[in-house]
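Reader: I would like a close look at a single part of this model, set against the chain as a whole. Please keep the account plain.

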Amino acid sequence: MAISIYDVTVGRYLQIIPAVAAFLDKGAAHCAETGTDSAELVATRLFPDMLPLAFQIWSVRHHSLGAIQGCKSGVFGPPPPLPELDYAGLQKVVADTRAELTALTPDEVNRLGGRDVVFQIGERKMPFTAEGFLLSFSLPNFFFHSATAYDILRSKGVKLGKRDFMGKMRMKA
């Protein structure tokens, strides 16, 4: 069975992003149940030198939808400046990202194969093919930021388990 670029990227994004939405919902419920200020969660970092939950969610978008857009344009860079987002704003970022990814067609994404993509940060440029960029750079970043968002919520007492991170698995029918 051949596996397409769409399957290994958008297929994975659409497995994990609904899980991110669900664990953010659990975070909102935790705030309501415990009286925790949701602004505290938005600003929480696992360690002082790590970026907060807001950045992790922004990066989930950047390394999924943004990665596909970067492959289309041929250039990808660090995420754009983080807008001022409250907890509901983070949930909207995830919902919007899911909707935009769902609108992509397999043909549209699979046609990106073989294209040149340059990751550019300042004057530094790292050349990739679209497949190399997506599989070796952006997908690992996507999973890192998704897991870090999950870990931040866990660290604040939100009742989450591994299954909350996994999303809907594609089991044999």
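Is D151 buried, partly exposed or exposed, and what is its relative accessibility? Please go on from there to helix α4 and the parts that surround it.

Author: The model is predicted, and every value below is computed from it. D151 counts as partly exposed because its relative accessibility is 33%, which lies between the 20% limit for buried and the 50% limit for exposed. D151 is found in helix α8. Its C-alpha atom is separated by 9.4 Å from that of L53, although the two residues are 98 apart along the chain. L53 leads to the part you asked about, since L53 is one of the buried residues of α4.

Helix α4 covers residues 53–62, and 9 of these 10 residues are buried, so the helix is largely enclosed by the rest of the structure. The buried residues are L53, A54, F55, Q56, I57, W58, S59, V60 and H62. An α-helix has 3.6 residues a turn, so residues three or four places apart point the same way. The enclosure of α4 can be followed through its partners. Its buried residues pack against the helices α2 (10–34), α3 (38–43), α5 (65–73), α6 (87–102) and α8 (130–155), and also against strand β1 (75–76). Helix α8, where D151 is found, is thus among the elements packed against α4.

H62 can be described in more detail. This residue lies in helix α4 and is buried, with a relative accessible area of 11%. Leaving aside neighbours within four places in sequence, H62 is in contact with A67, F76, G77, P78, P79 and P80. Of the elements that pack against α4, α5 spans 65–73 and β1 spans 75–76.

Two cysteines are also buried: C31 at 8% relative accessibility and C71 at 1%. A disulfide is a covalent bond between the sulfur atoms of two cysteines. A search of the whole structure finds 0 disulfides.

D7 offers another view of a partly exposed aspartate. D7 has its place in helix α1 (residues 5–8) and counts as partly exposed, at 25% relative accessibility. Not counting residues up to four places away in sequence, D7 touches A2, R12 and R170. The C-alpha atoms of D7 and P52 are separated by 30 Å, with their positions 45 residues apart along the chain.

As for the whole, the protein chain has 9 helices and 3 strands, and from the N terminus on they run α-α-α-α-α-β-α-α-β-β-α-α. The radius of gyration is 17 Å, close to the 16 Å that the globule rule gives for 173 residues, so the chain is as compact as a globular protein of that length. Along its principal axes the C-alpha trace spans about 50 × 50 × 25 Å. Among contacts between residues at least 6 apart in sequence, 75% join residues at least 24 apart.

Burial and surface complete the description. Buried residues make up 43% of the 173 residues in the chain. The accessible surface comes to about 9,200 Å², and 59% of that belongs to carbon and sulfur atoms. There are 19 positive and 17 negative side chains, and the centres of these two sets lie 7 Å apart.

Notes
Residues numbered from 1 in each chain as written. Predicted model: local features only at pLDDT ≥ 70, side-chain atom pairs only at ≥ 80, totals over all residues. Heavy atoms only, no water. Buried < 20%, exposed > 50% of the residue type's maximum accessible area, 1.4 Å probe, protein only. Helix = DSSP H or I, 4+ residues; strand = E, 2+ residues; numbered from the N terminus. Contact = heavy atoms within 4.5 Å. Disulfide = S-S within 2.5 Å. Rg over C-alpha atoms; globule rule 2.2 N^0.38 Å. Areas by Shrake-Rupley, 256 points an atom, 1.4 Å probe, with all protein chains shown as cover. Lys, Arg positive; Asp, Glu negative; His and termini not counted. Charge placed at Lys NZ, Arg CZ, Asp CG, Glu CD.
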